Amino acid sequence: MIRLIYVSSATEPLSEQALVELLGQSRKRNRSLNVTGMLLYAGGNFIQVLEGEPANVYAIYESIL
C-alpha cells in the first residue's frame, strides 16, 4: 500500500454543485479500484490524499493529471 499526497489549483472557481459532482465521481472511481483518501477544496485549491495499491493509486493520479 502507498499514500500519495498532492496539491493542485482549479482552472476556474467551482460551485458547490460542481464540487458535489466531482466528489461523487471520485468516490465511485476510488471504490472501484479499492482506493481510499481525502479531498479538500478551499480558495480554488485542492489537497488530496490517495491510499491503496500502487498501480491503482497511480492510475487515478494519471487520470487527474
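Ile64 touches Tyr6, Arg29, Gln48 and Leu50 in this predicted model, when residues up to four places away in sequence are not counted. The residue is found in helix α2, which spans residues 54-64. Ile64 has a relative accessible area of 33%, and it is classed as partly exposed because this value lies between the limits for buried and exposed residues, under 20% and over 50% respectively. Computed along the sequence, Ile64 and Arg3 are 61 residues apart, while in space their C-alpha atoms are 16 Å apart.

**The sheet**

The strands form an open sheet of three, in the order β1-β3-β2, and the pairing is antiparallel. The edge strands are β1 and β2, each of which pairs on one side only. Averaged over neighbouring strands of this sheet, and with direction ignored, the turn of one strand against the next is 10°. The two pairings can be set side by side as follows.

| Strand pair | Sense | Bridges |
|---|---|---|
| β1 and β3 | antiparallel | eight bridges |
| β2 and β3 | antiparallel | seven bridges |

Individual positions show how the strands are set against each other. Val7 stands opposite Ile47 in β3, and Ala42 has Asn45, also in β3, as its bridge partner. The hairpin of β2 and β3 has two residues between the strands, and within this hairpin Gly43 takes a positive phi near 55°.

**The salt bridge**

How many salt bridges does the structure hold? There is one salt bridge in the structure, and it is formed by Arg3 with Glu51, whose closest N and O atoms are 2.5 Å apart. The pair links distant parts of the chain, since Arg3 lies in strand β1 and Glu51 in strand β3 (residues 45-52), 48 residues apart. In general, side chains of opposite charge can pair when their charged atoms come close. Is Arg3 buried or exposed? With a relative accessible area of 57%, Arg3 counts as exposed, because the cut-off for that class is over 50%.

**The nonpolar surface patch**

On the surface, Ile5, Val7, Met38, Leu40 and Ile47 form a nonpolar patch, and together these residues have about 450 Å² of accessible area. The elements that give two or more residues to the nonpolar patch are β1 (2-9) and β2 (36-42). Two members of the patch can be described in further detail, namely Ile5 and Met38.

Ile5 lies in strand β1, and its relative accessible area of 54% places it among the exposed residues, because it is over the 50% limit. Met38, by comparison, is found in strand β2, and at 39% relative accessibility it counts as partly exposed, because that value falls between 20% and 50%. Leaving aside neighbours within four places in sequence, Met38 is in contact with Ile47, Gln48 and Val49; of these, Ile47 is also a member of the nonpolar patch. Gln48 appears again among the residues touched by Ile64. The C-alpha atom of Met38 is separated by 9.0 Å from that of Glu51, a residue 13 places away along the chain, and Glu51 is the salt-bridge partner of Arg3.

Technical notes: Residues are numbered from 1 along each chain as its sequence is written. This is a predicted model: local features need pLDDT of at least 70, side-chain atom pairs count only at pLDDT 80 or more; totals for chains, interfaces and linings use all residues. Side-chain values use heavy atoms; hydrogens and water are left out. Patches are made of residues with over 30% relative accessible area and no salt bridge: like charges are joined within 9 Å, nonpolar side chains (Val, Leu, Ile, Met, Phe, Trp, Tyr) within 5 Å. Accessible areas come from the Shrake-Rupley method with a 1.4 Å probe; for residues, only the protein chains shown count as cover. A salt bridge is a side-chain nitrogen of Lys or Arg within 4 Å of a carboxyl oxygen of Asp or Glu. Helices (H or I, at least four residues) and strands (E, at least two) are DSSP runs, numbered from the N terminus. Buried means under 20% relative accessible area, exposed over 50%, partly exposed in between (1.4 Å probe, protein chains only). Two strands pair if DSSP finds at least two bridges between them. Axes are lines fitted to C-alpha atoms, for helices over the stretch in contact, and angles run from 0 to 180 degrees between N-to-C directions. Contact means heavy atoms within 4.5 Å.
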